[in-house]
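Colleague: Got a minute to walk me through this model? I'd like to go over the sheets first and then the empty spaces.

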Amino acid sequence: MPPDPILRVEDLKAHFPIMTGVLARKEVARVRAVDGVSLTVNQGETLGLVGESGCGKSTTGLAILRMQPITEGRIIFENADISHYDQNRMRPVRRRMQMVYQDPYGSLNPRMTVASIVAEPLVVHGIGDRASRREKTASLLELVGLTAEMAGRYPHEFSGGQRQRIGIARALALEPALLICDEPVSALDVSIQAQVVNLLADLQARLGLSMIFIAHDLAVVRHVSDRIAVMYLGRIVEIATRDQIHANPLHPYTRALLAAIPIPSPAIEAARERIVVTGEVPSALNPPSGCRFHTRCPFVMPLCRVDDPAPKRQQDGQLVTCHLYD
């Protein structure tokens, strides 16, 4: 019997109310940023979470960490339902789940040295004394490909890739079981992205980490993920292994994302299937009725406009939310 997943998310919703009035505040609408997300992450597994900007990927990550209030749903981490934990109960849980942020420039305090930045989680949680924290910081910097001699420098003295390595070292300071990486390479030069992705893949294997890797680039996600969840307008539309996603994508949106990845072979590029998605992503303030993708889907049917499809498990294990597979 397989072990329980380290993380199970069930029908997670994170809505942002829009209020009006000064004295008598009244809710007039809701932004449905995350609107019914369900997923699992197994021990030692990397789950890629992909989709266009604004689809709710980052909000999902923040909600899982309880850094964003949730409206409905359950978050079960290491067999404990943390959905309604207050700050005191979340404190020990935060040692087990950490985040690597998108912007390596904005996520590091420019007035703190690297040593202080990396050791800060240890100080906050009261772990070790000054000497042991100094030793731990040096080992963490070595782990992410930096040197202990860099500990006395400030963030402005480093390149973008080096700053992201510092952010990764800080996230690993408490020896977490789950690492959520929120587009950790999107703000970096292309030449540096591969280095950081390879570093994360190596750390995941060496430390036995479970990881959620959030990105909008399927090519990057494929390199580091075991399974991939595709998200559109607040919902998961397909979940499958990385090989299944690339060999046999089922949902039209997944197929469109793959079609947008250039292939460095003119013959293959000319022969492959073309699925073009037109128009803009609808507003999460007023999502379309029925299937949320129907306004842009090249295979739309009348049923899609009125009936919201349920996730369907296929024979090969792929999970897809689309009326084409009813």
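Modeller: Sure. One definition before we start: two strands count as paired if DSSP finds at least two bridges between them. Also bear in mind that this is a predicted model.

Colleague: Okay, so what's the bridge partner of Val-50 in strand 8?

Modeller: Val-50 is matched with Ala-215 there. The two strands involved are strand 3, residues 46-50, and strand 8, residues 210-215; they run parallel and are joined by five bridges.

Colleague: And which sheet is that, what's the strand order?

Modeller: That's an open sheet of eight strands, ordered 6-7-8-3-9-10-12-11, and its pairing is mixed.

Colleague: Which strands stand at the edges?

Modeller: Strand 6 and strand 11 (312-313). Each has a single partner strand, so one side of each has no neighbour in the sheet.

Colleague: What about helices, which strands does helix 1 lie across in that sheet?

Modeller: Helix 1, residues 57-64, lies across strand 3, strand 6, strand 7 (178-182), strand 8 and strand 9. It runs at about 150° to strand 8. Helix 9, residues 252-259, lies across strand 9 and strand 10, at about 105° to strand 9.

Colleague: There's another sheet, I take it. How many strands form the open sheet with antiparallel pairing?

Modeller: Four, in the order 2-1-4-5. Strand 2 and strand 5 (80-81) are the edge strands, each pairing on one side only. Helix 1 turns up again here: it packs on this sheet, touching strand 1, strand 2 and strand 4 (72-77), and its direction makes about 110° with that of strand 1.

Colleague: How many bridges are there between strand 1 and strand 2?

Modeller: They pair over 12 bridges, in the antiparallel sense. As one example, Pro-17 stands opposite Arg-30 in strand 2.

Colleague: Let me zoom out. How many helices and strands in the protein?

Modeller: The secondary structure comes to 11 helices and 12 strands.

Colleague: And why does the radius of gyration agree with a compact globule?

Modeller: Because a compact globule with 326 residues would have a value near 20 Å, and the protein has 21 Å. The C-alpha atoms fill a box of roughly 65 × 65 × 45 Å along the principal axes.

Colleague: Now the empty space. How much is in the largest pocket?

Modeller: About 490 Å³. It is lined by 31 residues, and the closest to its centre are Gly-36, Ile-236, Val-237, Pro-311 and Thr-321.

Colleague: Which strand gives the largest share of that lining?

Modeller: Strand 10, with seven residues. Strand 1 (7-20), strand 2 (26-41), strand 9 (227-232) and strand 10 (235-241) each supply at least two. By class, the lining has 12 nonpolar, nine polar and 10 charged residues.

Colleague: And the second largest pocket, which residues lie nearest its centre?

Modeller: Met-67, Arg-94, Gln-98, Met-99 and Tyr-101, out of 14 lining residues. The space in this pocket is about 350 Å³. Its lining divides into nine nonpolar, two polar and three charged residues. Strand 6 (97-100), helix 3 (114-124) and helix 5 (160-172) each supply at least two of them.

Colleague: Last one: how many cavities of 30 Å³ or more?

Modeller: One. The space in the largest cavity is about 70 Å³, and its lining residues include His-251, Cys-291, His-294, Cys-297, Cys-304, Cys-322 and His-323. By class, that lining is nine nonpolar, three polar and no charged residues.

Technical notes
Residues numbered from 1 in each chain as written. Predicted model: local features only at pLDDT ≥ 70, side-chain atom pairs only at ≥ 80, totals over all residues. Heavy atoms only, no water. 1 Å grid on protein atoms, 1.4 Å probe; cavity = no way out; pocket = protein on both sides within 12 Å on 5 of 7 lines; lining within 4 Å. Points joined across faces, edges and corners; volume = space filled by probe spheres on them. Nonpolar A, V, L, I, M, F, W, Y, C, P; charged D, E, K, R; others polar. Contact = heavy atoms within 4.5 Å. Axes fitted to C-alpha atoms, helices over the stretch in contact; angles between N-to-C directions. Rg over C-alpha atoms; globule rule 2.2 N^0.38 Å.
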